[in-house]
Amino acid sequence: MLARLDEFERALLALDRVRVSELLDAVAASQTPLLAVESLIRPALERIGKLWEDNRCALSQVYMSGRLCEEQVDALLGPAATTTRVAPGNARLALTVLEDYHLLGKQIVRTVLRAAGWPVLDYERQTVAGLVTRTCADEIDILMISTLMLPSALQVREVTTQLREQSPRTRVVVGGAPFRFDPELWKEVGADAMGTNAAEAVAIVEGLAGGAP
Amino acid sequence: MIRNMTPMQRIVTTLGHRPPDRVPFFLLPALQGARELGLSIREYFSRPDHVAEGQCRLQAKFGHDCLYAFYYAALEAEAWGGEVIFRDDGPPNAGLPPISDVEDILRLTPPRIEDSPGLLRVLETIRQMAARTQGEIPIIGVTMSPFSLPVMQIGFEAYLLLLHERRDLLNQLLGLNEAFCVAWANAQCAAGANAICYFDPVSSSTIIPRSLYLDTGFPCARRMLARIPAAVAIHLASGCGLPIVDELAATGAAMIGVSSSEDLAEFKQVCRGKIGLLGNLNGITMRRWTPAAAEAAVKDCIAKAGIGGGFVLADNHGEIPWQVPDEVLFAIAEAARRWGRYPLDWLTTAGEV
Ligand code: B12
């Protein structure tokens, strides 16, 4: 299986669509489509995320391979998969970009979560007030916030302060360039976790949902 | 060696890969002039004399070795029909990309500088700076690279898809952007800019792999640099550059901006005597620095890249965030003067032990 995963990762990085689907189909046929997703797609995206973090692959490869995987998940499990499957611990997930016009980071996180087969509410771009209102109304357990600009990252403090009052159940996960350049920043703004690459969102959600009461 | 050089002499000497009197430093405070003048960021950038005055005051205050004519990146997107969105506590951003359907690239024509009020303001700022400094302080103009500009013209996702799936449209767009950027850089030089900072983060290895750079951003940079009549610094805006350092040096650039996530010493090893280095203080953590932390960071950069010249100390992005306190900037300036005096005895002596 490891050799197959290595090959799958190489095929993704090379954006070799044909090979990617051959490898997935082989697992899906001999075992189950879900296993193909869990044993190839998820670990490969995690590896590619880590490679990017270590400056050993580029964001264009992260993005394009994420898209390819999302397509494959739809083909394997059917586009409705994310409405029938649930996130760990039945957690309600939401994803947003705060006060920032840069949506790419959020899109990549969304792709990764979809590839994991979990439903996630996409709030697109939000202001602090709008975000707090929606998070409370939707009873979100895990709110994922992406920012690219430093002032937007600093605004997360306002969100966590208000949520602590109004929706204490909500855990806040942050990510994006300012948090990568300053590894202390997520604590300073009162977040519960930070992902240095998009694929980390999966393990973080599992950690937080598993630890929730 | 001249004991007290002007900033211009210092920069010219270091770019000739000889040690000047001290390590030059570029603070690159693009926004902070607003604070000096007691204006909002939007008001500040609304008039060219504000920016000329702000930059001159900041230079007098901190003693750095340039005047920075950069407003904000979205200004160039605005020339192509984009919107600029201001905020009170940071740089303005580009709004929705002006090109919503990539097929429209086929019908696009580049804007003329003289029809773009924002660009004309920058040119006027440069003329006013040039009149005030009389050639003693280098004036740095800025252009987004034709290869990085599309992120703001069509959006990042659409651009990544274009790069992978639509080479025809990519080449068409790059051709238009090159015509625009050459005109824009040349206009800044004619107005009095002494050097151009060519911002090209999409070429960085953070964003695209070296193989893709070799057939896209690299040939584009080579064509561009041949047509800009001034020294050019290629700035990856804190994106990584080590995997493409040889190509960056082969573009004809005088300097490369280095990210804080890479090792300046590794760059120095490859670049010594060939191409100058600019960097690589972390602007994001800078807002929390104590004066001692600032001093340590400055010493570290000088130790890694200062010897022999070919080095300008600066932040790693080409712009100091609004949230960085003045005390930190004073501490950086102070440390650069204290530890940057050539022949950098504290390093050579330590090195001999
Ligand atoms: C390429 C680039 C540009 C390009 C394109 C930018 C764009 N997207 O529009 C251009 C040249 C246009 C540009 C311009 C500017 N830039 Co710029 N740019 C960059 C660079 C190199 C990459 C940015 C990027 O888009 N990366 C792609 C995204 C997807 O990466 P990411 O946010 O890190 O996301 C990844 C992870 O962090 C994670 N992630 C993201 N969100 C989340 C959320 C969760 C929950 C999790 C788990 C993970 C996660 O997943 C992603 C993939 O793994 C960065 C520096 C860098 N090294 O990162 C500076 C950077 C983003 N720029 C910066 C700035 C300031 C600007 C300007 C405002 C400069 C100016 N004064 O004009 C303009 C704004 C332009 C605009 N759009 O209006 C700053 C922002 C921080 C700050 N100082 O405030 C940065 C960080 C540079 C720095 N070190 O300071 N830039």
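Okay, one bit of vocabulary before we start: when I say helix or strand, I mean a DSSP run, H or I over at least four residues for a helix and E over at least two for a strand, with numbering from the N terminus. And keep in mind that what's up on the screen is a predicted model.

With that, let's begin in a loop. A:N55 sits in the stretch between α3 (33-53) and α4 (59-77) of chain A. This asparagine isn't a glycine, yet its phi is positive, about 60°. Its relative accessibility is 34%, so we call A:N55 partly exposed. A:N90 also has a positive phi, near 60°, and again we're looking at a residue other than glycine. You'll find A:N90 in the loop between α5 (81-84) and β1 of chain A. Because its relative accessibility is 55%, A:N90 counts as exposed.

Right, follow the chain from there into β1 of chain A, residues 93-98. How many of the residues of this strand are buried? 6 of the 6, so the strand is largely enclosed by the rest of the structure. A:L93, A:L95 and A:V97 point one way, while A:A94, A:T96 and A:L98 point the other way, and all are buried. Here's the general background: in a regular strand, side chains alternate between the two faces of the sheet.

Now for the partners of β1(A). There's a parallel pairing with β3(A), joined by 5 bridges, and another parallel one with β2 (residues 121-126) of chain A, over 4 bridges. A:L95 is a handy residue to click on, with A:M144 as its bridge partner in β3(A) and A:D122 as its bridge partner in β2(A).

Hold on to A:M144, which comes back in the core. The largest nonpolar core has 179 residues, and the ones touching the most other members are A:M144, B:F26, B:L313 and B:I332. Helix α9 of chain B, residues 167-191, gives the largest share of this core, 12 residues. On the chain A side, domain 1 (2-77) and domain 2 (88-209) both contribute residues, so the core lies between them. The centres of those two domains of chain A, over C-alpha atoms, are 25 Å apart. Their contact takes 17 residues from domain 1 of chain A and 15 from domain 2 of chain A.

Let's zoom in on B:L313. Beyond its sequence neighbours up to four places away, B:L313 touches a list of residues including B:V23, B:F26, B:L281, B:C301 and B:I332. Apart from the big core there's another one, of 23 residues, with A:L131, A:L150, A:V159 and A:L185 among them.

Back to helix α9 of chain B for a second, where B:L174 lies. At 4% relative accessibility, B:L174 is buried. B:L174 and B:P146 are 28 residues apart in sequence but 5.9 Å apart in space, C-alpha to C-alpha. Leaving out residues up to four places away, B:L174 touches B:P146, B:F147 and B:Y159.

Next, the chain B sheet. We have 8 strands in an open, parallel arrangement, ordered β1-β10-β9-β8-β7-β6-β5-β2. β1 (25-26) and β2 (67-68) of chain B are the edges, each with a single partner strand, so one side of each has no neighbour in the sheet. For β2(B), there's a parallel pairing with β5 (residues 139-144) of chain B over 2 bridges, with B:L67 opposite B:I139. Strand β9 (residues 276-281) of chain B holds B:N280, and the peptide bond from B:G279 to B:N280 is cis, with omega near -25°. The bond from B:Y342 to B:P343 is also cis, with omega near 15°.

Last stop, the ligand. Where does the ligand lie? Between chains A and B. There are 42 residues around the ligand, and A:S146, A:R180, B:A73, B:A94 and B:E319 come nearest. For polar contacts to ligand oxygen atoms, a backbone N or O atom of B:A94 lies 2.6 Å away, a polar side-chain atom of A:R180 lies 2.9 Å away, and a backbone N or O atom of A:A198 lies 3.1 Å away.

And one buried acid to finish on: A:D182, in the loop between α9 (177-181) and α10 (185-188) of chain A. The relative accessible area of A:D182 is 0%, so this residue is buried. Outside its neighbours within four places, A:D182 is in contact with B:I284, B:T285, B:R287 and B:R288.

Conventions: Residues numbered from 1 in each chain as written. Chains lettered and ligands numbered in written order. Predicted model: local features only at pLDDT ≥ 70, side-chain atom pairs only at ≥ 80, totals over all residues. Heavy atoms only, no water. Buried < 20%, exposed > 50% of the residue type's maximum accessible area, 1.4 Å probe, protein only. Contact = heavy atoms within 4.5 Å. Core = buried A, V, L, I, M, F, W, Y, C linked by side-chain atoms within 4.5 Å. Domains from an automatic or database assignment. Pairing = 2+ DSSP bridges. Near = heavy atom within 4 Å. Polar contact = N/O pair within 3.5 Å; in protein donor to acceptor, adjacent residues only side chain to side chain.
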